Amino acid sequence: MTEVTFADLGLGPNVLKAVEEAGYTSPTPIQTEAIPHILAGGDVTGIAQTGTGKTAAFVLPMIHRLARGRARARMPRCLILCPTRELAAQVAENFEKYGKHLKLTMALLIGGVSFKEQEGLLQRGVDVLIATPGRLMDQFERGKLLLMGVDYLIIDEADRMLDMGFIPDIEKIVSKIPAKRQTLLFSATFPTDIQRLAKTFQRDPVKVEVARPTDAAKTITQHVVHIPTNDAKAKRTALRRVIESREVKNGIVFCNRKVEVDIVAASLQKHGHDAAAIHGDLPQAFRTQVLQRFRDGDLKLLVASDVAARGLDIPDVGHVFNYSPPPKDEDYVHRIGRTGRAGRTGESFTVVSPSDEKSWGFVLKMIQQDVEDYMPEGLLEELGDLPPDESRSRGRSRSGGRDDKSRGGRSRSRRRDENTDRLEESAPAAKTEEKPKAKAEPKPEPKSDTKSDDRPDEKPKRERAAKPKRERDRKRKDDDLVLDPAPEKVKGFGNDIPAFLKR
Ligand code: AMP
């Protein structure tokens with residue numbers, strides 16, 4: 001059987017030229033399946049995660065379709081909703097990259113990007129508007145844009161939108177868009193809430209599914225390091241010994257909470273490792289710099305929270321280290337999926353203390369495969385020298401003590417997950433863990449590079465307090481990943497740091 005080419009999918013010559021210049025020789029499975037349906041005007045529900053080529057799967061045919069027709073003032077023709085600023089910026093980069101031979105206009109409505117510039121673009125009329133839901137609602141409510149000209153609606157990472165509490169906003173937004181439209185919905189997972197959205201928002205969608213999230217990539221060798229103590233210092237020691245026992249070119253260390261990210265990064269640094277932290281509480285300029293260093297190979301270990309790392313396309317990571325199993329079991333697959341990309345091999349290591357056994361049990365049940373036990377030489381003895389911990393006597397169990405009766409089924413685990421997420425969103429100073437002796441990074445400068453009207457969090461306290469809680473929460477979520485002001489044109493993509501992020 002001959003291999004499918006981009007030309008076979010029905011894309012126009014200008015798009016094909018850009019694809020060729022991007023160096024892609026053949027479409028990925030999600031592209032092969034989704035592009036013809038989208039070009040034919042049909043709705044598509046794409047179940048695919050970052051790394052599968054799903055962004056190009058909707059951007060390429062969208063560019064092709066948008067090439068015909070003209071933008072009208074304040075009425076974008078295509079609306080793309082993304083859960084985070086970074087993801088929105090990446091989608092914008094894709095439009096720039098694949099649309100460079102066509103004259104399409106684009107605006108971005110995300111926290112941290114000056115609305116004044118974007119307002120000018122919107123006024124003149126844009127083909128594509130890329131936005132986070134909270135920011136879009138703000139501007140819509142202020143009467144700055146009209147949604148009745150939207151012919152194409154794309155909802156990216158719908159499951160993450162759900163996790164971040166954006167669904168009510170999305171429902172409101174969709175109610176303002178004409179029913180006669182093409183709707184594409186992409187999600188890494190397909191829980192019932194997203195199925196419901198697909199049903200209400202889409203018309204006879206074609207479901208395209210690639211690499212279910214539970215299919216941990218075959219190119220990744222997974223390991224688990226069971227330690228007999230809950231002591232935080234012991235856990236950090238275990239993490240270090242694991243890292244030191246492997247030949248690590250570069251790796252991402254995932255932590256469940258922002259405060260842990262800081263502490264673990266500080267600890268690694270203190271012990272001579274080249275590590276830096278990224279999470280939502282750090283200023284954008286600082287995160288941009290850290291990310292750039294990591295992409296450039298100037299930083300070996302990136303210590304990150306799930307939210308900060310979500311959706312970022314960081315190719316060629318050799319190792320993933322989980323300081324703990326993630327509170328949301330499906331995040332495990334997202335985390336380890338950072339390595340072993342594009343056919344390369346990768347290794348993952350998850351440190352599991354007795355109090356993590358339950359979460360680890362959830363992960364094992366989800367991935368339905370065995371994970372190799374790993375113990376760096378001398379670690380157990382070294383941990384034996386650390387102060388005793390009462391939990392040590394609890395021992396460990398491979399099943400993670402997972403008892404469906406005692407945990408009350410999936411819904412209870414969801415509640416637990418949501419609580420943990422909320423903790424991560426607004427993690428205060430460490431309560432249970434000891435404070436690091438050394439700081440992870442020089443104290444970053446406070447955010448000062450955008451005007452206060454772009455940054456709800458910078459409004460006077462009294463004004464903020466007067467806002468309804470839901471609205472404040474929404475802005476907070478939008479602001480979790482902050483971008484600096486964007487220029488009218490966006491350049492750079494893929495392994496290069498987006499131009500947005502550089503500024
Ligand atoms: P995504 O799943 O959209 O996050 O894309 C992941 C990465 O795959 C990006 O760096 C894209 O540049 C790259 N990519 C997208 N389509 C292709 C393709 N057909 N061939 C090779 N790489 C691709």
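What is the strand order in the open sheet of seven strands with parallel pairing that includes strand 14? The order is 10-11-9-12-13-8-14. Strands here are DSSP runs of E, at least two residues, and helices are runs of H or I, at least four, all numbered from the N terminus. Two strands pair if DSSP finds at least two bridges between them.

Some ground rules. This is a predicted model, where local features need pLDDT of at least 70 and side-chain atom pairs count only at pLDDT 80 or more, while totals for chains, interfaces and linings use all residues. Residues are numbered from 1 along each chain as its sequence is written, and side-chain values use heavy atoms, leaving out hydrogens and water.

Back to that sheet, 10-11-9-12-13-8-14. Strand 10 (275-278) and strand 14 (372-373) are at the edges, each with a single partner strand, so one side of each has no neighbour in the sheet. Inside, strand 8 (residues 220-226) and strand 13 (residues 346-352) run parallel, joined by seven bridges. In one of them, Thr221 has Glu347 of strand 13 as its bridge partner.

Now the helices. Helix 10 (residues 232-245) lies across strands 8, 9, 11, 12 and 13, at about 160 degrees to strand 13. Helix 14 (residues 329-336) lies across strands 8, 9, 12 and 13, at about 150 degrees to strand 12. Those angles run from 0 to 180 degrees between N-to-C directions, with axes fitted to C-alpha atoms, for helices over the stretch in contact. Contact means heavy atoms within 4.5 Å.

One residue to look at: Asn322, in strand 12. Is Asn322 buried or exposed? Asn322 is buried, at 0% relative accessibility. The cut-offs are under 20% relative accessible area for buried, over 50% for exposed, partly exposed in between, with a 1.4 Å probe and protein chains only. The side chain of Asn322 makes a polar contact of 3.1 Å with that of Arg335. A polar contact is a pair of N or O atoms within 3.5 Å; within protein, one must be able to donate a hydrogen and the other to accept it, and residues adjacent in sequence count only if both atoms are side-chain atoms. Beyond four places in sequence, Asn322 also touches Phe254, Tyr332 and Phe349, among others.

Next, another sheet. This open sheet has seven strands in the order 3-4-2-5-6-1-7, with parallel pairing. Strand 3 (106-109) and strand 7 (206-209) are its edge strands, each pairing on one side only. Neighbouring strands are turned by 15 degrees against each other on average, direction ignored. Strand 3 pairs with strand 4 (residues 128-131) in the parallel sense over four bridges, and Ala107 has Leu129 as its partner in strand 4. Helix 5 (residues 115-124) lies across both strands, at about 140 degrees to strand 3.

On to the cores. A nonpolar core is a set of buried Ala, Val, Leu, Ile, Met, Phe, Trp, Tyr and Cys residues joined through side-chain atoms within 4.5 Å. The largest has 42 residues, and Phe58, Leu60, Ile80, Phe95 and Ile130 touch the most other members. Helix 3 (residues 54-66) gives the most to this core, eight residues. Apart from it lies another core of 41 residues, including Phe254 and Tyr374. Within the largest core, Ile130 touches residues including Ile80, Cys82, Phe95 and Ala107, setting aside those up to four places away in sequence.

Last, cysteines. Cys78 is buried at 0% relative accessibility, and Cys82 is buried at 0% too. How many disulfides does a search of the whole structure find? Zero, taking a disulfide as a pair of cysteine sulfur atoms within 2.5 Å.
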